[in-house]
Amino acid sequence: MTQRLEPLPTDWRRALAVVAHPDDLEYGTAAAVAAWTDGGREVAYLLASRGEAGIDTLPPEECAPVREREQRAGAAVVGVRTVEFLDHRDGVIEYGLDLRRDIAAAIRRHRPELVVTLNHRDTWGQTAWNTPDHRAVGRAALDAVADAGNRWIFPELLRQGLQPWHGVRWTAVAGSDRPTHAVDATAGFERSVRSLLEHRTYIEALTAEDPERYCRTLLTDLAQSASERFGGRPAVTFEVLAH
Ligand SMILES: [Zn+2]
């Protein structure tokens, strides 16, 4: 795949990032988020779960508050103050009407022009199997863009005072193996490392490697992997769907 990546559009004010777990946005996307908030844009995070099934040694009821705290800290590093949790159950998030409705409601509340989500396809890079949570949340986020604009699909949202929002212009899927666009990761890179490093409890359970070295190596490799398609610059890549 050698097709050149286009710069992601910048003529927008508000984005909503919708992912399954704490840390999903810190594995690369946060460098783009830092660039966006530097430019005065508002970015809010919506997490379907609290990532409570993510640490083998911590039972979910102890894990959830730790991961929520780490997620809020990671978001703050890149200028994101609004972090919301839908409390779907980590590991068994189901694609379906409940998830679509919850995400559509959030889109109506936040009124973003850009929706960001994570790889909804079966695999990463065509070789590594994706998780059911990522697939479910990615697909539901893509579907919820249309749901948010249609008053008849979830009429209960109207009764909650949430008027249809037709203003989403793009959905940008991070981690896709079919990227079309990119954001320069240079300015946000150091903050993206600190942002991932905020998930310290998770990372220390994941690897015996020094946490900072783990974060820096992983994010450097990721940002460099698409640079040849983006004028030699380190890049955060997205598959962009226009609406
Ligand atoms: Zn995840």
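This passage describes the sheet, two helices and the core of a predicted model. Residues are numbered from 1 along each chain as its sequence is written. Because the model is predicted, local features need pLDDT of at least 70 and side-chain atom pairs count only at pLDDT 80 or more, whereas totals for chains, interfaces and linings use all residues.

Helices (H or I, at least four residues) and strands (E, at least two) are DSSP runs, numbered from the N terminus. An open sheet of 8 strands, with mixed pairing, follows the order β1-β9-β10-β8-β5-β2-β3-β4. Its edge strands are β1 (6–7) and β4, each of which pairs on one side only; two strands pair if DSSP finds at least two bridges between them. Within the sheet, β5 (residues 114–118) and β8 (residues 170–174) are joined in the parallel sense over 5 bridges, and Leu118 has Ala174 in β8 as its bridge partner. Helix α4 (residues 132–149) packs on the sheet, where it touches β2 (14–19), β5, β8 and β10 (235–242). The direction of α4 makes about 160° with that of β5; axes are lines fitted to C-alpha atoms, for helices over the stretch in contact, and angles run from 0 to 180 degrees between N-to-C directions.

Helix α2 (residues 60–77) lies across β3 and β4 and runs at about 150° to β4. Its 18 residues reach 25 Å from the first C-alpha to the last, close to the 26 Å expected, the expected span being 1.5 Å times one less than the number of residues. Buried residues of α2 include Cys63, Val66, Arg67, Glu70 and Ala75. A residue is buried if 20 or more other C-beta atoms, placed from the backbone, lie within 10 Å of its own. The cover over the buried residues of α2 includes β3 (42–47), β4 (82–85), α6 (189–197) and α7 (200–206). Just after α2, Gly79 takes a positive phi of about 85°.

Tyr45 is located in strand β3 and counts as buried because it has 25 C-beta neighbours inside 10 Å. Neighbours within four places in sequence aside, Tyr45 is in contact (C-beta atoms, placed from the backbone, within 7 Å) with Ala17, Leu25, Ala75, Val80, Thr82 and Val83. Ala17 in turn touches Leu25, Val43, Tyr45, Leu46 and Val116, not counting residues up to four places away in sequence. Ala17, Ile103 and Ile107 have the most contacts inside the largest nonpolar core, which has 65 residues. Such a core is a set of buried Ala, Val, Leu, Ile, Met, Phe, Trp, Tyr and Cys residues joined through C-beta atoms within 7 Å.

Conventions. Buried ≥ 20, exposed ≤ 12 C-beta atoms within 10 Å, placed from the backbone. Contact = placed C-beta atoms within 7 Å.
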